[in-house]
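Student: Could you take me closely through one part of this model, keeping the account connected from beginning to end? I would like to hear about the pocket with the greatest volume, and about the helix packing that belongs to the description.

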Amino acid sequence: MADPCTTLVALAGKLDKLALIRRLCDMIAIPSENPFDQAPSLGYREQEMGDYLLQRLKELSFEVDSHELSPGRRNVWGRLKGKGNGPSLMLVGHLDTVGTEGYPEAFRPRVDGDCVYGRGACDMKGALACYLETARLIVESDIELNGDLLIVGVVDEEWQLTGSQHLGLHGPWADYAIVGEGTSSGANKELSICAAHKGDYAVKIRTFGTAVHSSVPEQGHNAISDMAEVVRSIDRYHRELGQREPHPLCGHGTASVGVISGGSMACTVPDCCEIHVDRRMLPGETVEQINSEYEQLLGRIPRLRFEIGDPLTITAALDVPVDCEVVEASVEAYKAVTGNLPTIRAHPAATDAPNLGFPAVIFGPGAVEQAHTVDEFVRIDELEIATKVYLGVVLRLLSAEEADV
Ligand SMILES: [Zn+2]
């Protein structure tokens, strides 16, 4: 195979910007809102988004398949078989979007100036459109890949990440992945490579007291007063987390109380109070370790009766070594495409990447600030850069002799 850099320049010159934009607009027009805690029904067309992706991949001669997780919810994928035993690469995107309340233009894609507007433009149908253009450029060239290229659409990223969890357990798998969540940042809107992010663990904590008439509070035990102590100790805990050894990309873990409720009426000393605590975890931290920190923290408060409930949320942290092949290939491809060295940083939000079970970096068009807004857009130049970088990574990794993991 020719030098990947020369091949990349030749192939990138054939990028069809209009086709790329057209496919993105097609996908924005498919309302694939996550149904969240509802069963998928009319209007929640995640599956139709999956069918669209499958159809395009089939046209490109990919072998396509899917897994149904629950009625109407299906992970879909296509595989372009490599000719040898080289490593395989998966380009992963989620099929769902967040809701569209207060966003009447959500499913009417619009190209205006340098941007494409509509729900999912940057989160993350833009990346899916880039994957399809990458696939087209490879398929229509005479390049032979040594390893398999997979393009995968997963369901339910915006709520419980069940799509990527299922994929991690049941496949398909690959040696490396890119998850195309938007990584544009900074004043120059450069696309960064994100090799890590924090996880999230949210849990309810309850305090218990003894209810009595409020005219004789000394005869009862006030669960809200106790909770005030708990909240203060969690604030101190958060400050203490900031003193610990930081993760090189993620910085420090955090703890924050987001919800409080308790008591029923002013004239009764409350016997129960509840908070929801959100703990952003660094790679390597575990729920068990954090629960034992909570136990210790609360154990220091005199006469406190408390309970730590079942988790409300657990999402995994991501930590791919910066010298991992998929990070290095992404850096090299970015340099070849833009002439600049990319920033390697942590992604601000949780993603599907840690659920896959093999090294995955996050790199894609669009910025987190535009995701989930009622004026979502993606810059067209970022779509072009992302496509070329994906192409560069495919050429670099899939021309290697064998997987090195
Ligand atoms: Zn997303």
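Tutor: Strands, in the naming used here, are DSSP runs of E with at least two residues, numbered from the N terminus. With that convention, and bearing in mind that this is a predicted model, we can begin with the strand β14, residues 305–315, which gives the most to the lining of the largest pocket, namely four residues. The pocket itself has a volume of about 500 Å³, and of the 24 residues that line it, the closest to its centre are Glu157, Glu158, Trp159, Leu161 and Ala350. In character the lining is mixed, dividing into ten nonpolar, eight polar and six charged residues.

Helix α4 supplies at least two residues of this lining, as β14 does, and α4 leads us on to a helix packing. Spanning residues 121–139, α4 packs against helix α9, residues 380–397, at an angle of about 50°, with the two axes 9 Å apart. The two helices are therefore oblique to each other, and their crossing is right-handed. On the α4 side the contact is made by Gly126, Ala127, Cys130, Tyr131, Glu133, Thr134, Leu137 and Ile138, while α9 brings Leu383, Ala386, Thr387, Tyr390, Leu391, Val394 and Leu395. Taken together, the residues of this contact divide into eleven nonpolar, three polar and one charged, whereas the lining of the largest pocket includes six charged residues.

Technical notes: Residues are numbered from 1 along each chain as its sequence is written. This is a predicted model: local features need pLDDT of at least 70, side-chain atom pairs count only at pLDDT 80 or more; totals for chains, interfaces and linings use all residues. Side-chain values use heavy atoms; hydrogens and water are left out. Axes are lines fitted to C-alpha atoms, for helices over the stretch in contact, and angles run from 0 to 180 degrees between N-to-C directions. Angles under 35 degrees count as roughly parallel, over 145 as roughly antiparallel, 65 to 115 as roughly perpendicular and the rest as oblique. A crossing is left-handed if the near helix is turned anticlockwise from the far one by less than a right angle, and right-handed if clockwise. Contact means heavy atoms within 4.5 Å. Ala, Val, Leu, Ile, Met, Phe, Trp, Tyr, Cys and Pro count as nonpolar, Asp, Glu, Lys and Arg as charged, and the others, Gly among them, as polar. On a 1 Å grid over the protein atoms alone, a cavity is a set of points where a 1.4 Å probe fits but cannot get out, and a pocket is an open set with protein on both sides within 12 Å along at least five of seven lines; lining residues have an atom within 4 Å of a point. Grid points are joined across faces, edges and corners, and a volume is the space filled by probe spheres set on the points.
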